[in-house]
Amino acid sequence: MAPYRHRILITFRFGRAYRFRITGRMCLYPLLALGLPLSYCLSIGPVAWLVQTYDLNSDPAVIEILGYYYMPLVWCMGYSETFTSVMQWYQMLWVS
């Protein structure tokens with residue numbers, strides 16, 4: 001086994017070389033930074049299915065809670081037509 005199997009060699013312009021060890025945290029933080037917002041955005045599909053299937057539109061408390069929870073997405077949809085069309089398309093995949 002090579003002693004630097006889990007290491008990355010970074011060489012700078014003036015000849016200095018640094019070796020960095022790859023740890024689990026180095027993989028975990030980018031996955032969390034990308035995965036959590038993505039899973040938040042994609043969670044609106046199953047919620048749209050639940051609201052449509054169990055007719056939760058008639059309950060004002062449910063609508064208020066969902067409106068509060070998804071306020072960042074509603075805000076983004078108000079400023080971006082592309083984001084609005086993508087989110088509507090994704091919701092229609094779950095509802096229809």
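**Figure 1. Contacts across the chain.** Take the contacts between residues at least 6 apart in sequence: 40% of them join residues at least 24 apart. Keep in mind that this is a predicted model. How much of the chain is buried? Buried residues make up 9% of its 96 residues. As for the parts list, the chain has 5 helices and 2 strands. Follow the sequence along and you meet them in the pattern β-β-α-α-α-α-α.

**Figure 2. Helix H1 and its kink.** Here we zoom in on H1, which covers residues 24-42, 19 residues in total. How far does H1 reach from its first C-alpha to its last? The answer is 26 Å, close to the 27 Å expected at 1.5 Å a residue. Still, H1 has a kink of about 30°. To find the kink, look for Leu32, where it is centred.

**Figure 3. Cys41 and its contacts.** Stay with H1 for this one, since Cys41 is found in that helix. Is Cys41 buried, partly exposed or exposed? Its relative accessible area is 21%, so Cys41 counts as partly exposed; the cut-off for buried is under 20%. Leaving aside residues up to four places away in sequence, Cys41 touches Leu73 and Met87. Pro72 is worth finding too: it sits 31 residues from Cys41 along the chain, yet their C-alpha atoms are separated by 9.6 Å.

**Figure 4. The largest pocket.** This pocket has a volume of about 300 Å³. Which residues lie nearest its centre? They are Ile44, Val47, Ala48, Val51 and Gln91, out of 15 residues that line the pocket. Four helices each supply at least two residues of that lining: H2 (44-53), H3 (60-69), H4 (71-79) and H5 (81-95). H2 gives the most, with 5 residues. Sort the lining by class and you get 11 nonpolar residues, 4 polar ones and no charged ones.

**Figure 5. Asp55 in its loop.** Our last stop is the loop between H2 and H3, the place of Asp55. What is the phi of Asp55? The angle is positive, about 50°, although Asp55 is not a glycine. Is Asp55 buried or exposed? With a relative accessible area of 51%, Asp55 is exposed, because that label applies over 50%.

Notes: Residues numbered from 1 in each chain as written. Predicted model: local features only at pLDDT ≥ 70, side-chain atom pairs only at ≥ 80, totals over all residues. Heavy atoms only, no water. Expected span 1.5 Å × (residues − 1). Bend = angle between axes of the 7 residues up to and from the residue. 1 Å grid on protein atoms, 1.4 Å probe; cavity = no way out; pocket = protein on both sides within 12 Å on 5 of 7 lines; lining within 4 Å. Points joined across faces, edges and corners; volume = space filled by probe spheres on them. Nonpolar A, V, L, I, M, F, W, Y, C, P; charged D, E, K, R; others polar. Buried < 20%, exposed > 50% of the residue type's maximum accessible area, 1.4 Å probe, protein only. Contact = heavy atoms within 4.5 Å.
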